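Here's a walk through a two-chain model, written for someone who'd rather see the numbers than the adjectives. Have the viewer open while you read.

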Amino acid sequence: MPNEHFVAPPNWEWYILLYFFFAGLAGGAFVIGTMLRLWGSAADWVTSRIAFLISLPLLLICPILLTLDLGKPLDFWHMLFNAGTGAPVFKTWSPMSLGAWALLVFGFFAFVMFLVALGEGGYVRSRALSRVGRLPTNVFGLVFMVIGAILGIFIAAYTGVLLAVSNQPVWSDTWTLGGLFLASGLSGAAATIMLLSRRQREATVTEPKLMEADRYFIILELILIAIFLITLGGLVTKVLGGAWILLWLVVLVGTLVPLLVEWRPRWSRQVSPVLASVLVLVGVLALRAVIIFSAQA
Amino acid sequence: MAQPVGFFTDTTLCIGCKACEVACKEWNQLPNNPLEFRDSYDNTGQLDHANWRHVRFVEQPTKTPDKPIAWSMMSDVCKHCANASCLEVCPTDAIVRTEFDTVFIQQDVCNGCRDCISACPYGVIGFNTDTGTAQKCTFCYDRLQNNLKPACATACPTQSIKFGPLDEMRRVAADRVSTLHQQGMSEARIYGDKEYGGLHAMFLLTDKPEAYALPSTESAVLPSRNNIPGYVTAAITAILAGVAGLIAFRRRGETTASPSPSGGGAPSSPSPSGGGAPSSPSPSRGGAPSSPSPPAGEGRGGG
């Protein structure tokens with residue numbers, strides 16, 4: 001049974017919504033890029049490279065959005081260091097504190113893999129970059145990518161845990177948000193990679209695999225949405241009631257339609273894969289919007 | 001170390017004069033509330049950045065036909081919890097515990113992330129858009145440092161708001177409840193002796209806590225309770241997603257990834273040394289691209 005609290009809304013709005021969206025995509029893209037390297041074939045490296053190439057730019061948007069959302073943007077560094085002593089502030093029990101550090105550390109991994117992808121793909125002619133481009137070919141490189149992927153998982157998931165670690169009705173009455181945001185972030189990242197890889201002929205070989213992976217991510221997401229609604233008990237009307245149902249319809253369209261398209265490719269004749277990917281992304285955004293806004297209404 | 005201090009607010013003595021609100025605003029130089037009509041004598045509305053005391057007018061039905069509604073007045077304030085949710089989540093360490101065991105937001109450290117607002121189960125903290133910071137009752141920290149009572153307790157004309165050492169306040173509260181019980185007011189109860197490890201602002205209530213917008217003892221839980229379940233769910237999801245990735249991305253009789261980008265791993269590797277860089281294998285629906293094989297022995301494992 002949900003706890004009864006009388007919490008004021010923190011007024012986390014558009015900046016936070018977009019931050020959660022891009023964090024899910026950035027972390028998800030890195031994870032997919034790493035999985036393709038670990039388990040894919042040589043032909044999948046092109047798509048993996050695209051994943052690493054988009055992870056960093058998507059991630060760079062995140063601290064900008066977070067900083068803009070602060071009441072005192074110039075004091076953003078207080079998230080990392082004590083304003084008085086200058087000592088690091090690292091609170092393992094505060095997802096916001098952990099998240100600030102994770103963004104920084106993951107940023108390093110995303111940056112290195114961005115350079116690797118640049119060097120490997122020959123986008124920039126530089127001897128140093130081509131050396132960096134060989135990083136994924138040895139054990140150290142693989143370990144590096146796996147650590148980065150774990151951080152990517154954290155970046156995509158912790159935003160949900162951050163909402164749950166509060167006393168806000170809805171957010172704090174469920175344990176599903178971390179997993180839900182991770183599943184939807186992975187799905188959104190797969191859709192983004194599919195959209196971008198359509199421009200590269202070499203990457204199209206991986207498209208069926210990405211579609212299959214996205215299908216599984218969407219199924220995970222749908223299961224977690226169901227559990228999320230069940231765990232809310234009587235509070236479910238707060239997220240489903242009124243105009244919020246329209247956003248849930250967008251979420252459903254953004255999951256079920258791509259799922260059917262990816263499961264039954266003949267549907268692609270009616271719904272193009274591009275549209276399916278766009279629907280996934282709109283659904284990912286709508287899911288976060290309905291969870292963030294309905295709880296504060 | 002200074003002595004822990006506390007408020008004991010006896011709602012049976014409150015007459016709703018709002019002297020506490022005025023004294024608080026005056027001492028702390030809080031801005032006026034915008035003029036607006038509400039369907040109540042309660043024209044303050046809620047605790048927030050500009051209202052650190054709020055006299056609630058709780059309307060309760062009575063058994064008297066000619067007076068069907070009675071008011072219970074309660075001067076609400078930050079509870080300065082022993083286990084404070086706001087202090088727990090604050091990522092900048094802006095929220096600290098003072099030498100008086102009260103909870104204080106350092107305005108020069110707070111960067112306005114508002115995590116504390118979503119954590120406070122009493123809806124005490126407000127966001128000041130002018131300063132860009134979270135604000136709430138300071139327990140008149142500056143007055144305490146000068147051995148003065150907080151402004152609200154000083155101004156209260158009925159002594160509904162009592163102030164003193166925390167232990168003494170607990171004794172006063174217990175005595176008052178037992179007196180009221182003896183007088184037949186069996187519904188009188190103390191709020192704040194058990195919740196959140198003990199509150200530094202206790203209340204004597206004549207109804208269940210929820211009637212005064214206070215969480216019940218069972219609902220008085222900290223945000224950190226959701227850390228482990230949240231991360232465990234994320235970890236399980238990550239494992240399932242990893243398995244999904246393994247199933248979807250696994251090699252199905254295809255060429256394996258090469259250990260060297262110049263040796264064939266990267267399909268469009270800039271290296272001219274050949275060795276099997278797959279040159280744009282043809283897309284084949286169903287997952288098994290027919291990319292060329294790299295040189296023997298360069299794979300990382302079978303598919």
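In chain A, 59% of the 297 residues count as buried. Keep in mind that this is a predicted model. The fold of chain A is easy to describe: 10 helices and zero strands. Read from the N terminus, its elements go α-α-α-α-α-α-α-α-α-α. Its radius of gyration is 20 Å, close to the 19 Å that the globule rule gives for 297 residues, so chain A is as compact as a globular protein of that length. Along the principal axes, the C-alpha trace of chain A spans about 60 × 60 × 30 Å.

What share of the contacts in chain A with a separation of 6 or more comes from residues 24 or more positions apart? The share is 73%. For a long-range pair to look at, try A:Leu18 and A:Ala289: they sit 271 residues apart in sequence, but their C-alpha atoms are 9.0 Å apart in space. A:Leu18 belongs to helix H1 of chain A. Why does A:Leu18 count as buried? There are 20 other C-beta atoms within 10 Å of A:Leu18, and the cut-off for buried is 20 or more.

Next, the place where the chains meet. Chain A puts 75 residues into the contact and chain B puts in 79. On the chain A side, helices H1 (14-39), H2 (45-69), H3 (95-121), H5 (139-164), H6 (177-197) and H7 (207-231) each supply at least two residues. Which helix gives the most to that side? It's H7(A), with nine residues. By type, the residues on the side of chain A that touches chain B split into 38 nonpolar, 24 polar and 13 charged.

Over to chain B, which is divided into domain 1 (5-221) and domain 2 (227-258). Taken over C-alpha atoms, the centres of these two domains of chain B are 49 Å apart.

Chain B also has an open sheet of four strands, in the order E8-E1-E10-E9, with mixed pairing. Strands E8 (161-165) and E9 (189-191) of chain B are the edges, each pairing on one side only. From one strand to the next, the twist averages 25°. As background, strands of a sheet pair through backbone hydrogen bonds, either parallel or antiparallel.

Strand E1(B) is a good one to zoom in on. It pairs with E8(B) in the antiparallel sense over five bridges, while four bridges join E1 (residues 5-10) of chain B to E10 (residues 201-205) of chain B, and those two run parallel. Here are some of the residue pairs involved:

| Residue in E1(B) | Partner | Partner strand |
|---|---|---|
| B:Val5 | B:Pro165 | E8(B) |
| B:Phe7 | B:Ala201 | E10(B) |
| B:Phe8 | B:Met202 | E10(B) |

How exposed or buried is E1(B)? Six of its six residues are buried, so E1(B) is largely enclosed by the rest of the structure. In a regular strand the side chains alternate between the two faces of the sheet. For E1(B), one side carries B:Val5, B:Phe7 and B:Thr9, and the other carries B:Gly6, B:Phe8 and B:Asp10. Both faces are covered, with all of those residues buried.

Key. Residues are numbered from 1 along each chain as its sequence is written. Chains are lettered from A and ligands numbered from 1 in the order in which they are written. This is a predicted model: local features need pLDDT of at least 70, side-chain atom pairs count only at pLDDT 80 or more; totals for chains, interfaces and linings use all residues. Two residues are in contact if their C-beta atoms, placed from the backbone, lie within 7 Å. Ala, Val, Leu, Ile, Met, Phe, Trp, Tyr, Cys and Pro count as nonpolar, Asp, Glu, Lys and Arg as charged, and the others, Gly among them, as polar. Two strands pair if DSSP finds at least two bridges between them. Axes are lines fitted to C-alpha atoms, for helices over the stretch in contact, and angles run from 0 to 180 degrees between N-to-C directions. The radius of gyration is taken over C-alpha atoms; the globule rule is 2.2 Å times the number of residues to the power 0.38. A residue is buried if 20 or more other C-beta atoms lie within 10 Å of its own, exposed if 12 or fewer, and partly exposed in between; C-beta atoms are placed from the backbone. Domain bounds come from an automatic or database domain assignment.
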